[in-house]
Amino acid sequence: MIALEKALTDPASVFKTPEEVLANDELTREQKIEILRRWEYDLRELQVAEDEGMEGPQPVTLSAVLDALRAIGAPADMERSAPTKQGGS
């Protein structure tokens, strides 16, 4: 059983890869999208920290999360999409 609240707040603590999110049969499509969007946001924040000299481990790439969102047919998130790494405008 998936700890949904934990997955929604810290996806990397529950799933090793975005593909695991997609493959999970316990989650609805909407839940998968929300988890992947949260993961996307977290990775964008890590990119900003790295730009400021605060590097840390990044076992999952932003492109892997974005690929998973495209694979599930998630609509573009215009509120948090580029041009900034945080996803805002």
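This report describes the salt bridges of a predicted model and the two helices, α4 and α5, that carry those discussed here.

## Basis of the model

Because the model is predicted, local features need pLDDT of at least 70 and side-chain atom pairs count only at pLDDT 80 or more, while totals for chains, interfaces and linings use all residues. Residues are numbered from 1 along each chain as its sequence is written, and side-chain values use heavy atoms, with hydrogens and water left out.

## Helix α5 and its two faces

Helix α5 spans residues 62-71; helices here are DSSP runs (H or I, at least four residues), as strands are runs of E of at least two, and both are numbered from the N terminus. Within α5, the residues L62, A64, V65, A68 and L69 are buried, a term that means under 20% relative accessible area, with exposed meaning over 50% and partly exposed lying in between (1.4 Å probe, protein chains only). These buried residues lie on the same side of α5 because they cover an arc of only 165° around the axis, the arc being that of the directions from the helix axis to the C-beta atoms.

The face turned away from the buried side of α5 carries R70 and A71, which are exposed. Just after the helix, G73 adopts a positive phi of about 80°.

## A salt bridge within α5

The structure holds four salt bridges, each defined as a side-chain nitrogen of Lys or Arg within 4 Å of a carboxyl oxygen of Asp or Glu. One of them joins the side chains of D67 and R70, with an N to O distance of 2.4 Å. Both residues belong to α5, where they stand three residues apart, about one turn of the helix. D67 counts as partly exposed at 42% relative accessibility, whereas R70, at 55%, counts as exposed.

## The network in helix α4

Salt bridges that share partners also join R37, E40 and R44 into one network. E40 pairs with R37, their closest N and O atoms being 3.6 Å apart, and because these two residues are three residues apart in helix α4 (residues 29-51), about one helical turn separates them. E40 also forms a salt bridge with R44, for which the closest N and O atoms are 2.9 Å apart; R44 and E40 are four residues apart in α4, again about one turn of the helix.

As for accessibility, R37 and E40 are both buried, E40 having a relative accessible area of 7%. R44 is buried too, with a relative accessible area of 11%.
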